[in-house]
Amino acid sequence: MRVNVSRTALIVCAAAAIVATGGANAVVDTADVTAPASQPSGTGTPAVSTGDDSRGTAATPSTGDTGTPRSASATGDTGTSPSVSATGDTSTSPSAATTGTASRTVGALFSGGNHFCSASVVHSPAGDLLLTAAHCVSGDVSGVTFKPGYHDGIAPYGTWQVTAAITADGWKSSSDQDLDFAFLKVAQPGSASLESLTGANQLGTNQGFSHTITLTGYPDGTEQPVVCTGTTTQSDAFQQRVACPGFPDGTSGGPWVINQDPNTGTGTVIGTIGGYQTGGATPDVSYSAYFDDDIAQLYNSAIR
């Protein structure tokens with residue numbers, strides 16, 4: 001769901017997912033979580049771009065895979081129930097998406113003068129890292145930019161050039177819907193880092209499937225983001241879903257944030273619109289690949 005591929009000639013220039021341990025304060029795992037530290041059944045494969053209204057683009061295979069793609073079977077997980085964060089989240093009805101000002105950590109990806117996907121700043125040692133959906137990025141990086149906090153034609157924190165994309169080998173080889181996430185590196189002339197201007201979300205892994213999240217994305221052709229509060233559930237072994245009305249094309253890559261600080265707009269990101277059906281078949285239900293050790297390994301590749 002949620003990417004207008006006719007406007008994109010984007011990126012997969014990826015590093016292989018390398019098994020490594022996360023740095024301190026870089027990736028929040030269930031074992032580390034303290035609030036607010038800073039997250040319908042079905043199977044299928046992401047759509048492959050054919051130049052029409054397909055939601056995603058298959059990436060170019062590369063060598064060096066460290067493992068095989070995970071099964072999307074609802075019984076093909078590790079045999080244990082995911083740990084659920086004890087943050088007091090409740091099963092509330094979703095609020096309708098509203099237009100407004102997004103957290104400054106969230107912005108739109110642009111190519112050819114138009115925005116086509118969403119992304120968010122995630123904490124990294126260099127302060128230059130974004131999180132988005134893997135199906136948003138294929139092709140050449142040189143024409144892609146990121147505008148955090150974008151609204152009404154204004155980029156209050158500047159325009160940042162995307163310089164590299166890092167996706168998992170399982171995504172590059174087979175468009176594995178359970179690996180539909182990507183990290184982007186950005187740069188801008190000057191000494192300040194992106195994160196020093198916008199702040200950043202922590203990356204949350206192995207957080208469980210039931211959370212109240214803030215979901216944000218930039219619908220195609222609009223000048224403001226949409227924001228929704230909803231409750232996540234598990235839809236498959238490595239997929240999560242949220243019923244948040246009003247997230248059409250363009251919102252792919254939008255972050256799923258828990259424990260959001262009302263003053264800074266930062267929190268812990270536990271998902272990004274993508275995964276099953278590249279994010280979902282309708283604007284009212286969104287999906288994300290579950291953030292577990294695979295994304296933690298990819299993150300460690302990205303910050304090397």
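## Exercises on a predicted model

Q277 lies in the loop that connects β14 (268-272) with β15 (285-289), where helices (H or I, at least four residues) and strands (E, at least two) are DSSP runs, numbered from the N terminus. The structure is a predicted model, in which local features need pLDDT of at least 70 and side-chain atom pairs count only at pLDDT 80 or more, whereas totals for chains, interfaces and linings use all residues. Residues are numbered from 1 along each chain as its sequence is written, and side-chain values use heavy atoms, with hydrogens and water left out.

### Exercise 1: two residues in one loop

Determine the phi values of Q277 and T278, and decide whether each residue is buried, partly exposed or exposed.

Solution. Begin with the general expectation, which is that most residues other than glycine have a negative phi. Q277 departs from this pattern, since its phi is near 55°, a positive value in a residue other than glycine. T278, which also lies in the loop between β14 and β15, has a positive phi as well, near 45°.

For the second step, buried means under 20% relative accessible area, exposed means over 50%, and partly exposed lies in between (1.4 Å probe, protein chains only). Q277 has a relative accessibility of 31%, and therefore counts as partly exposed. T278 stands at 0%, so T278 counts as buried.

### Exercise 2: strand β6 and its partners

Work out which strands pair with β6, and why β6 is described as largely enclosed.

Solution. Two strands pair if DSSP finds at least two bridges between them. Strand β3 (residues 106-111) meets this rule with β6 in the antiparallel sense, over five bridges; in this pairing F110 stands opposite T145, and G107 stands opposite P148. On β6 there is also an antiparallel pairing with strand β7 (residues 160-167), joined by two bridges, in which F146 stands opposite W160.

Next, look at where the side chains point. In a regular strand the side chains alternate between the two faces of the sheet. In β6, V144, F146 and P148 point one way, T145 and K147 point the other way, and all are buried. Because five of the five residues of β6 (residues 144-148) are buried, the strand is largely enclosed by the rest of the structure.

Finally, place β6 in its wider setting: a closed barrel of six strands runs β3-β4-β5-β8-β7-β6, with antiparallel pairing. The twist in this barrel averages 45° from one strand to the next, with axes taken as lines fitted to C-alpha atoms, for helices over the stretch in contact, and angles running from 0 to 180 degrees between N-to-C directions. Helix α3 (residues 293-302) lies across β5, β7 and β8 (182-187), and runs at about 25° to β8.

### Exercise 3: the cysteine pairs

Find how many disulfides the structure holds, and which parts of the chain C117 and C136 tie together.

Solution. A disulfide is a covalent bond between the sulfur atoms of two cysteines, and here the rule is a pair of cysteine sulfur atoms within 2.5 Å. By this rule the count comes to two.

C117 is joined to C136, with an S to S distance of 2.1 Å. C117 lies in strand β4 (residues 114-121) and C136 in the loop between β5 (129-132) and β6, so the pair ties together parts that are 19 residues apart in sequence. C117 is buried at 0%, and C136 is buried at 3%.

C228 and C244 form a disulfide with sulfur atoms 2.1 Å apart. The torsion about the S-S bond of C228 and C244 is about -85°, so this disulfide is left-handed. C228 and C244 are both buried. Counting bonded cysteines along the chain, the pattern is 1-2, 3-4.

### Exercise 4: a charged pair

Identify which residue forms a salt bridge with D169, and state in which helix the two residues lie.

Solution. A salt bridge is a side-chain nitrogen of Lys or Arg within 4 Å of a carboxyl oxygen of Asp or Glu. The structure holds one salt bridge, and it links D169 with K172, whose closest N and O atoms are 2.7 Å apart. Both residues lie in helix α1 (residues 169-174), three residues apart, which is about one turn of the helix. D169 and K172 are both buried.

Key:
Contact means heavy atoms within 4.5 Å.
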